[in-house]
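The following exercises concern a predicted model. Each task is followed by a solution in steps.

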Amino acid sequence: MTQKVAVLGTGKIGEALLSGMIRAGWSPADLLVTARRRERADELRARHGVTPVTNQEAAKTADTLILTVKPQDMGTLLDELAPHVPAGRLVISGAAGIPTAYFEERLAEGTPVVRVMTNTPALVDEAMSVISAGRHATGDHLAHAEEIFGAVGKTLRVPESQQDACTALSGSGPAYFFYLVEAMTDAGILLGLPRDKAHDLIVQSAIGAATMLRDSGEHPVKLRENVTSPAGTTINAIRELENHGVRAALIAALEAARDRSRELASGNNG
């Protein structure tokens, strides 16, 4: 792996990506980073052996640029990069809601752009990264993006038209599970359990359920039915979830997240 890869605006996700790439075989000597603060850049160098550079240096020397700044900062970054990015340079965006056309309009004609929506489980190598090609990105460009993001979890190619839905389901998805665990922990306390015991019970149940979903090949309805005996405890709980409209609330929540992703794509950052 001799290509140089630069991560621009290296926050937690960017650092997780760097760490995963090094474990997957990339040489730290081939990894460049940029950071807003000098202290942060020095920290990344000390921790991972990567080379801090300026945004302009990254644009001139790296074969692949991974842009991990916040969506509201992307325009400023592109203004800085545009004079220095040659048309053949692969640009990978990790910014929620921003379409590849936004980058193509601001960079040299023909610049290949790949859009990636990953999520915070990248921090523990369990990310779900959704990858879409811009107008000039080839299969090789997509494969390269998959190789990079595969270092921190799974990848999935989708048409860019499905990115907003994927952002709602997967990009924001971990927060829904954290919210559910929070609510179940409160319920456990209400039922008389200490917080730490309620937490351990719920977290291990979540891990076990997720593993069964991943490995069994069974439909979630079938797995739920296996736990739901006639007139038992589970069916009573399920009835209350249905009575309180939890299914409908989840659908409405994901629609709201998708709609916000579309707003971001249209430039509404307010």
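**Exercise 1.** Determine how far apart the end C-alpha atoms of residues 160–264 lie, and state the helix and strand content of the span.

*Solution.* The end C-alpha atoms of residues 160–264 are 15 Å apart. Helix accounts for 83% of the span and strand for 0%. An unreviewed UniProt entry places the feature "domain: Pyrroline-5-carboxylate reductase dimerisation" at these residues.

**Exercise 2.** Describe the packing of helix 7 and helix 12, and classify the angle.

*Solution.* Step 1: Two packed helices are described by the angle between their axes and the distance between the axes. Step 2: For helix 7 (residues 163–171) and helix 12 (residues 246–265), the angle is about 130 degrees and the axes are 8 Å apart. Step 3: Angles over 145 degrees count as roughly antiparallel and those from 65 to 115 as roughly perpendicular; helix 7 is therefore oblique to helix 12. Step 4: Their crossing is right-handed. Step 5: Helix 7 contributes D164, A165, T167, A168 and L169 to the contact, and helix 12 contributes L254, A257, R258, S261 and R262. Step 6: By class, the contact comprises 5 nonpolar, 2 polar and 3 charged residues.

**Exercise 3.** For D125 and A231, give phi, the location and the exposure.

*Solution.* Step 1: D125 has phi near 60 degrees, a positive value in a residue other than glycine; A231 likewise has phi near 60 degrees. Step 2: D125 is in the loop between strand 6 (113–117) and strand 7 (127–133), whereas A231 is in the loop between helix 10 (220–227) and helix 11 (233–243). Step 3: Exposed means over 50% relative accessible area. At 30%, D125 is partly exposed; at 77%, A231 is exposed.

Conventions: Residues are numbered from 1 along each chain as its sequence is written. This is a predicted model: local features need pLDDT of at least 70, side-chain atom pairs count only at pLDDT 80 or more; totals for chains, interfaces and linings use all residues. Side-chain values use heavy atoms; hydrogens and water are left out. Axes are lines fitted to C-alpha atoms, for helices over the stretch in contact, and angles run from 0 to 180 degrees between N-to-C directions. Helices (H or I, at least four residues) and strands (E, at least two) are DSSP runs, numbered from the N terminus. Angles under 35 degrees count as roughly parallel, over 145 as roughly antiparallel, 65 to 115 as roughly perpendicular and the rest as oblique. A crossing is left-handed if the near helix is turned anticlockwise from the far one by less than a right angle, and right-handed if clockwise. Contact means heavy atoms within 4.5 Å. Ala, Val, Leu, Ile, Met, Phe, Trp, Tyr, Cys and Pro count as nonpolar, Asp, Glu, Lys and Arg as charged, and the others, Gly among them, as polar. UniProt positions are given in the numbering used here, feature names are shortened, and annotations may be inferred rather than shown by experiment. Buried means under 20% relative accessible area, exposed over 50%, partly exposed in between (1.4 Å probe, protein chains only).
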